[in-house]
Amino acid sequence: MTNIYTGEIRVKAELEKLIELQNTDTNIRRLKNAIKTIPERRAEVEEEYERHAFEIRELENVKAAAHTRHGELEKQIAESKHNLEKADRDLKASQNQKQYEASMRAADTLNKEIAELQTKLDENNTAVEEADKALAERAEEARTLEADRKKALKQFDDVVKGQHAELELETHKRAELFAILPKNYAGVYDRLSTRSRDGVAVAEVKNGSCSSCFMALRPQMMLDIKTSSNVINCESCGRILYSAPQEKADSVVNN
């Protein structure tokens, strides 16, 4: 009885090491995937601020173009009014019906032209006002945009630095864990983790199923996982199975 009990304690201790090794490997895998995507994620941060900068530049361009257009329209209106004054003088100086009708047509055309130009000027002034309003609403954003971009990139770089540091620690921890595992356990773990696409060799039992392949476990296997002094493998995927203590599982759910 003593030998069986001692053997059970030994297996449970080794299983705990395997679980810790699996958690470490899972974290290493997560960190490596995150580090692999650093260029894309950094570009997303850059693009977000560039989008805001582009929108503000577009508003400034609209305002500048509208101001230029305002001057052009005012110049055209002034020229048309000058021509209208001349047409009015010609009308008053008309000496026959033909000259009178020609002057009338010219004046009528110029009046319509001035009205159209004035409408365009009014529309252009509205565009200027709208651009001014939009820029005023985003004035604080425009003022702090570059500083905010640098701050966001600094925060991103700090996260990346932390991920690299954590990866280094986890890699060192993995080497230590692997070194203290008996060779037979280490060999089984290596074989299982290498052949699985997700790198998982040790899987928790959740809701009566293997959490990796989701195969429902037989009641006897569930009992063996909780009471046996042997390492139990999933009948479907071959992964080493373990059941978290109930108090720990409850703690995870409550948190």
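Here are legends for a handful of close-up views of this predicted model.

Because this is a prediction, local features need pLDDT of at least 70 and side-chain atom pairs count only at pLDDT 80 or more, while totals for chains, interfaces and linings use all residues. Residues are numbered from 1 along each chain as its sequence is written, and side-chain values use heavy atoms, with hydrogens and water left out.

**View 1. Four strands make up an open sheet.** The strands line up in the order β2-β1-β4-β3, with mixed pairing. Strands here are DSSP runs of E with at least two residues, helices are runs of H or I with at least four, and both are numbered from the N terminus. Two strands count as paired if DSSP finds at least two bridges between them. β2 (209–210) and β3 (232–233) sit at the edges with a single partner strand each, so one side of each has no neighbour in the sheet. β3 runs antiparallel to β4 (residues 240–242), and two bridges join them. Look for asparagine 233, whose bridge partner in β4 is isoleucine 240.

**View 2. Cysteines sit here, but the structure holds zero disulfides.** Why is there no bond between cysteine 210 and cysteine 213? Their sulfurs are 3.7 Å apart, which is too far, because a disulfide is a pair of cysteine sulfur atoms within 2.5 Å. Cysteine 237 tells a similar story: its closest cysteine sulfur, in cysteine 234, is 3.7 Å away, again too far for a bond. Is cysteine 210 buried or exposed? With 0% relative accessibility, cysteine 210 is buried, and cysteine 237 is buried too, at 16%. (Buried means under 20% relative accessible area, exposed over 50%, and partly exposed in between, using a 1.4 Å probe and protein chains only.)

**View 3. Two loop residues have a positive phi.** Most residues other than glycine have a negative phi. Asparagine 207, though, has a phi near 55 degrees. You'll find asparagine 207 in the loop between β1 (202–206) and β2, exposed at 83% relative accessibility. Phenylalanine 214 isn't a glycine either, and its phi is about 65 degrees. Phenylalanine 214 is in the loop between β2 and α6 (219–227) and is exposed, with a relative accessible area of 64%.

**View 4. Helix α4 (residues 139–180) is home to histidine 172.** The side chains of histidine 172 and glutamate 176 share a polar contact of 3.0 Å. (That's a pair of N or O atoms within 3.5 Å; within protein, one must be able to donate a hydrogen and the other to accept it, and residues adjacent in sequence count only if both atoms are side-chain atoms.) Lysine 154 and aspartate 158 are also in α4, four residues apart, or about one turn of the helix. They form a salt bridge, with the closest N and O atoms 2.9 Å apart. (A salt bridge puts a side-chain nitrogen of Lys or Arg within 4 Å of a carboxyl oxygen of Asp or Glu.)

**View 5. Arginine 239 and aspartate 198 meet in a salt bridge (3.1 Å, N to O).** Arginine 239 is in the loop between β3 and β4, and aspartate 198 is in the loop between α5 (183–195) and β1, so this pair ties together parts 41 residues apart in sequence. Arginine 239 is buried at 11% relative accessibility, whereas aspartate 198 is partly exposed at 33%. How many salt bridges does the structure hold? The total is 21.
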